[in-house]
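Colleague: I work at the bench and would like to learn how to read a model of this kind, feature by feature. Could we go through it together?

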Amino acid sequence: MKLPEGTRIGLLKATLDEAIPYTAAFCGALEVTAEQGKGFLLVDRGTITAAYLNGTGGSFRGRSALVRLAEEPSPEFGIRKYTPEEYADALSICSAERLLVPEEPGATDTPPRILDEGKMRKILGQPGIRAVSAFFEGFAVQSLGDADFDQVAALAEDLLRAGTKIAADMRIGMLDQIILETVSGKIVIAPYGDLYLCVLADADTNLGLIRVALKGLQSEVN
């Protein structure tokens with residue numbers, strides 16, 4: 001994808017929180033170079049409207065890209081100023097690429113807690129596990145393995161909401177885990193603090209070991 005060129009007005013090396021106030025007077029884009037990869041932010045007078053980061057951990061869009069950038073100690077931002085027409089074009093491109101950062105009901109300014117990567121790798125290292133992803137409000141926050149994690153997070157959120165409603169309607173208590181088995185694979189979803197974990201596994205994977213591993217993580221935050 002290619003955003004409008006705009007007018008380059010400067011370069012800034014700072015944390016995400018320190019950089020955004022510098023955009024309060026204009027609309028534009030911040031080209032990001034960070035330890036975890038490269039990407040950009042679209043900003044509208046101090047408000048981040050879209051985000052993208054592509055690097056060592058995969059591709060992250062929207063809010064999940066912001067969560068990754070918030071971990072960076074000193075990313076570099078190339079600042080480009082847009083005319084109203086250029087900003088409108090950039091916003092349209094970001095919308096088509098599903099990069100927007102929505103102001104969702106219940107969303108907070110505080111990024112969700114990040115899970116220890118070593119714990120995720122421990123789950124991924126079990127036989128038959130294809131991928132593990134931590135997601136928040138339908139956006140992948142941390143992911144390891146082989147999968148389209150943006151799609152996984154979106155579909156897992158749909159499954160989570162359906163399961164939560166069914167549990168509430170049937171009055172069978174709080175959701176603990178959701179398990180979906182098909183002839184070719186297994187999906188297990190479990191809450192973890194502010195996040196939810198989604199594990200993708202082969203059909204013959206030992207489901208008991210996955211559940212035990214997830215319950216061990218859940219017990220650390222409950």
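Modeller: We can take strands, cysteines, aromatic rings and backbone angles in turn, and please keep in mind throughout that this is a predicted model.

Colleague: Let us begin with strand pairing. Which strands pair with E3, and in what sense do they run?

Modeller: Strand E3, residues 37-44, has a partner in E2, residues 27-34, and the two run antiparallel with eight bridges joining them. E3 also pairs with strand E4, residues 47-55, again in the antiparallel sense and over eight bridges. To follow the register by eye, you can look for Thr33, which stands opposite Lys38 in E3, and for Gly37, whose bridge partner in E4 is Gly55.

Colleague: How many residues lie between the strands in each hairpin?

Modeller: The hairpin of E2 and E3 has two residues between the strands, and the hairpin of E3 and E4 likewise has two. As for covering, E3 is mostly covered, with six of its eight residues buried.

Colleague: Is helix H2 mostly covered or mostly open?

Modeller: Helix H2, which spans residues 63-70, is mostly covered, since seven of its eight residues are buried. The buried residues of H2 are Arg63, Ser64, Ala65, Leu66, Val67, Arg68 and Leu69, and you will notice that Arg63 and Arg68 are on that list.

Colleague: At the bench I would ask about cysteines early on. How many disulfides does the model hold?

Modeller: The general idea is that a disulfide is a covalent bond between the sulfur atoms of two cysteines. Here the count comes to zero disulfides.

Colleague: Why is Cys27 not in a bond?

Modeller: The cut-off is a sulfur-to-sulfur distance within 2.5 Å, and the closest cysteine sulfur to that of Cys27 belongs to Cys94, 13 Å away, which is too far for a bond. Cys94 is accordingly in no disulfide either, with the sulfur of Cys27 as its nearest at 13 Å. Cys27 is buried at a relative accessible area of 10%, and Cys94 is buried at 0%.

Colleague: How should I read the aromatic rings, and how many pairs are there?

Modeller: One looks at the distance between ring centres and at the angle between ring planes, and in this structure there are two aromatic pairs. In one, Phe40 and Tyr52 lie 6.0 Å centre to centre with 40° between the planes, which makes the pair tilted. Because Phe40 lies in strand E3 and Tyr52 in strand E4, this pair ties together parts that are twelve residues apart in sequence, and both residues are buried.

Colleague: And what is the arrangement of Phe135 and Tyr196?

Modeller: Their ring centres are 5.8 Å apart and their planes meet at 25°, so this pair is stacked. Phe135 belongs to strand E7, residues 129-136, and Tyr196 to strand E11, residues 195-202, so the pair ties together parts 61 residues apart in sequence. Phe135 counts as buried at 0% relative accessibility, whereas Tyr196, at 26%, counts as partly exposed.

Colleague: Finally, where are the positive phi angles of Arg45 and Arg171 found?

Modeller: As a general idea, most residues other than glycine have a negative phi. Arg45, although not a glycine, has a positive phi of about 50°; Arg45 is found in the loop between E3 and E4 and is exposed, with a relative accessible area of 52%. Arg171 has a positive phi of about 55° and is not a glycine either; Arg171 sits in the loop between helix H5 (149-170) and strand E9 (178-181), where it is exposed at 78% relative accessible area.

Key. Residues numbered from 1 in each chain as written. Predicted model: local features only at pLDDT ≥ 70, side-chain atom pairs only at ≥ 80, totals over all residues. Heavy atoms only, no water. Buried < 20%, exposed > 50% of the residue type's maximum accessible area, 1.4 Å probe, protein only. Helix = DSSP H or I, 4+ residues; strand = E, 2+ residues; numbered from the N terminus. Pairing = 2+ DSSP bridges. Phe/Tyr/Trp six-rings, centres within 6.5 Å; stacked < 30°, edge-to-face > 60°.
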